[in-house]
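Colleague: I have the structure open and a list of questions about side chains. Can we go through them one by one?

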Amino acid sequence: MSSPAPVRYFSESEVSQHRSPSSCWVLLANRVYDVTGFLRRHPGGEALILSRAGTDVSRQMEGPPHRHSENARRWMEQYYIGELRKDPGDTQMVRERRKDSHQTPEEETGASRCSSVNTETDLVDWRKPLLWQVGHLGEKYDDWVHQPVDRPIRLFYSDVIEACSKTSWYMVPIVWLPVVAYLSWYCFSSLARGDTRLFASFTTDYSIPIHKYTFPFMFLLGMFLWSLVEYLIHRFLFHMKPPASNYYLITFHFLLHGQHHKSPYDGSRLVFPPIPASIVIVAFYGLIRLLLPEALGVSIFVGGLCGYVVYDMIHYYLHYGSPSKGSYMYGLKAYHVKHHFEHQRSGFGITTRFWDHPFHTLIPEETFEKGH
């Protein structure tokens, strides 16, 4: 087992010099953190952190009103770089910071409760693909998977299969928007011929002709229905709690969504890769063709497909974007971060919080407005 790296020490003046987007440090009591890589990910926006760069953020972490969750504190530990040097000249400044943050010496060491991934002692071996290991965690899996880390995940031994399980965000619009455009043209052209009728498979006496100008409404209906499908999949499939005794269900859950909660900022796993996505999309296409006349069914389907593209793009942006404070996307980002770090059993809406209302899974407003 390798010996731990020696602790680095920094003076107060050294820390205070790192106040820019290219080098941003903060203090939590006597611990020093380089949060440069987290600036654009912070739900409150990078300007909020930069305004407190080079200073002690204990008050903001502990609240009120911005009390951070235990997972948020654990996440911060991954940016730990050293300790504040306790030089005689710094003693008074340390006391002043402690007084300002209302901390006792005992509370000052609270950050040490959180720790970054230790590859030597973690429940899994990070040097090997994780997919075949997580099923052995049993009853420890649920707690482990909801303790996020900031490092990439490898799932498979095979380089080819591993490559198929990852993708860049821009591959989603590149692959699927041409399909949306083609199917939209096809549906409108089919409806323009005037031979598409509702209920025609049951009787010709009461069949209803479908006009070509209904296409935009069918398209929007498809997007709306997708938002419901998005919610149901996220809540009941992605967030199922597999039995601790079932190795295969745990493995399946980790493949579907658990790996995203374990490493929420792995940029190569934030959107659905085109190859597995195509299997699901074709299945939905086949189902809707069985239920509705072709042009009508495909009109709704293509709206749903567009909704899926919007969903994946928004999901990526919520993790890596930096929306303006007060905007719709700013609220969604704060909401989604709360889902990852504190409320994993609620807050299932990604593109909208609409469905969280009727299904009673809304994260309390005061929680995501006041916390990070």
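**Side chains, surface and core**

Modeller: At 35% relative accessibility, Val 280 is partly exposed. Bear in mind that this is a predicted model.

Colleague: Which helix holds Val 280?

Modeller: Val 280 belongs to a nonpolar surface patch of about 710 Å². Among its partners there are Phe 272, Ile 279 and Phe 284. The helix that holds Val 280 is helix 12.

Colleague: Now the largest nonpolar core. Which helix gives the largest share of this core?

Modeller: The core has 32 residues. Helix 9 (171-192), helix 10 (215-238), helix 12, helix 13 (294-320) and helix 14 each supply at least two of its residues. The largest share is 14 residues, and it comes from helix 13.

Colleague: Leaving aside neighbours within four places in sequence, which residues is Ile 281 in contact with?

Modeller: Ile 281 is listed with Trp 176, Leu 305 and Tyr 308 as having the most contacts inside the largest core. With neighbours within four places left aside, the contacts of Ile 281 are Trp 176, Phe 301, Leu 305 and Tyr 308.

Colleague: How many residues are in the other core that lies apart from it?

Modeller: Leu 28, Val 35, Ala 53 and Phe 341 are among the members of that other core. Its size is 17 residues.

Colleague: On to charges. How many salt bridges are there?

Modeller: The rule asks for a Lys or Arg side-chain nitrogen within 4 Å of an Asp or Glu carboxyl oxygen. Glu 14 and Arg 85 meet it, with their closest N and O atoms 3.8 Å apart. By this rule the count is nine.

Colleague: Is Arg 269 buried or exposed?

Modeller: Arg 269 forms a salt bridge with Glu 162, with 2.5 Å between the closest N and O atoms. Arg 269 sits in the loop between helix 11 (247-262) and helix 12 (274-291), while Glu 162 is in helix 8 (residues 159-164), 107 residues apart. Glu 162 is buried, and Arg 269 is also buried.

Colleague: How many residues apart in sequence are the parts tied together by Arg 345 and Asp 142?

Modeller: The two side chains meet in a salt bridge at 2.7 Å, N to O. Arg 345 lies in the loop between helix 14 (328-341) and helix 15 (365-370) and Asp 142 in helix 7 (residues 141-145), so the pair ties together parts whose separation is 203 residues.

Colleague: Which residues are linked with Arg 31 in a network of salt bridges?

Modeller: This network joins Arg 31 to two Glu residues. They are Glu 77 and Glu 83.

Definitions and conventions
Residues are numbered from 1 along each chain as its sequence is written. This is a predicted model: local features need pLDDT of at least 70, side-chain atom pairs count only at pLDDT 80 or more; totals for chains, interfaces and linings use all residues. Side-chain values use heavy atoms; hydrogens and water are left out. Helices (H or I, at least four residues) and strands (E, at least two) are DSSP runs, numbered from the N terminus. Buried means under 20% relative accessible area, exposed over 50%, partly exposed in between (1.4 Å probe, protein chains only). Patches are made of residues with over 30% relative accessible area and no salt bridge: like charges are joined within 9 Å, nonpolar side chains (Val, Leu, Ile, Met, Phe, Trp, Tyr) within 5 Å. Accessible areas come from the Shrake-Rupley method with a 1.4 Å probe; for residues, only the protein chains shown count as cover. A nonpolar core is a set of buried Ala, Val, Leu, Ile, Met, Phe, Trp, Tyr and Cys residues joined through side-chain atoms within 4.5 Å. Contact means heavy atoms within 4.5 Å.
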